[in-house]
Amino acid sequence: MARKGEAMARMRRNSDLPQKTCAQCGRPFAWRKKWEKVWDELRYCSDRCRAEAKRGRKSGGKDG
Ligand SMILES: [Zn+2]
C-alpha cells in the first residue's frame, strides 16, 4: 500500500517575518530586505510616514 505524499511543497508564510506597527499611520508592516540594517530603529512603514511624523500635524500652514 502506498501512502499518499503529505506536503510536497513547502510554503513560506509571510508571518514568518518580523513585524512592526507604524507609529504614524498605525498600519502593520513586515520586515524588508532593504530595512535589515535599520529594522531595529525603524518606526514608520515608509519615508512618507516618517516625514509626516516629523512635521507633527497633518494640517497646517505653509510655514513650519
Ligand atoms: Zn505608516
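**Figure legends: close-up views of the protein chain**

**View 1. Surroundings of A53.** A53 is situated in helix 1. The model shown here, as in every view below, is predicted. With 14 other C-beta atoms within 10 Å, A53 counts as partly exposed, because this number falls between the limits of 12 or fewer for exposed and 20 or more for buried. Which residues does A53 contact, once its neighbours within four places in sequence are left aside? The contacts of A53 are with A23, Q24 and Y44. A separate C-alpha distance, 9.1 Å, is found between A53 and C25, which are 28 residues apart along the chain.

**View 2. Helix 1 and the residue after it.** Helix 1 spans residues 47-55. How many of its 9 residues are buried? The number is 0, so helix 1 lies largely in the open. An α-helix has 3.6 residues a turn, so residues three or four places apart point the same way. Just after helix 1 comes G56, whose phi is positive, at about 95°.

**View 3. Surroundings of C22.** C22 belongs to the loop that runs between strand 1 (19-21) and strand 2 (28-30). Is C22 buried, exposed or partly exposed? C22 is partly exposed, since 17 other C-beta atoms lie within 10 Å, a number below the 20 needed for a buried residue. Leaving aside neighbours within four places in sequence, the residues in contact with C22 are R27, F29, Y44, C45 and C49. For one of these, C49, the C-alpha to C-alpha distance to C22 is 8.0 Å, across 27 residues of sequence. Y44 appears among the contacts of C22 and also among those of A53 in helix 1.

**View 4. D16 and the approach to strand 1.** D16 lies in the segment before strand 1. Its setting is exposed, as 8 other C-beta atoms within 10 Å satisfy the limit of 12 or fewer. The C-alpha atoms of D16 and A30 are 9.3 Å apart in space, while the two residues are 14 apart in sequence.

**View 5. The whole chain, for orientation.** The protein chain contains 1 helix and 2 strands. In sequence order these elements follow the pattern β-β-α. What percentage of the 64 residues counts as buried? The value is 3%. Among contacts between residues at least 6 apart in sequence, 19% join residues at least 24 apart.

Notes: Residues are numbered from 1 along each chain as its sequence is written. This is a predicted model: local features need pLDDT of at least 70, side-chain atom pairs count only at pLDDT 80 or more; totals for chains, interfaces and linings use all residues. Helices (H or I, at least four residues) and strands (E, at least two) are DSSP runs, numbered from the N terminus. Two residues are in contact if their C-beta atoms, placed from the backbone, lie within 7 Å.
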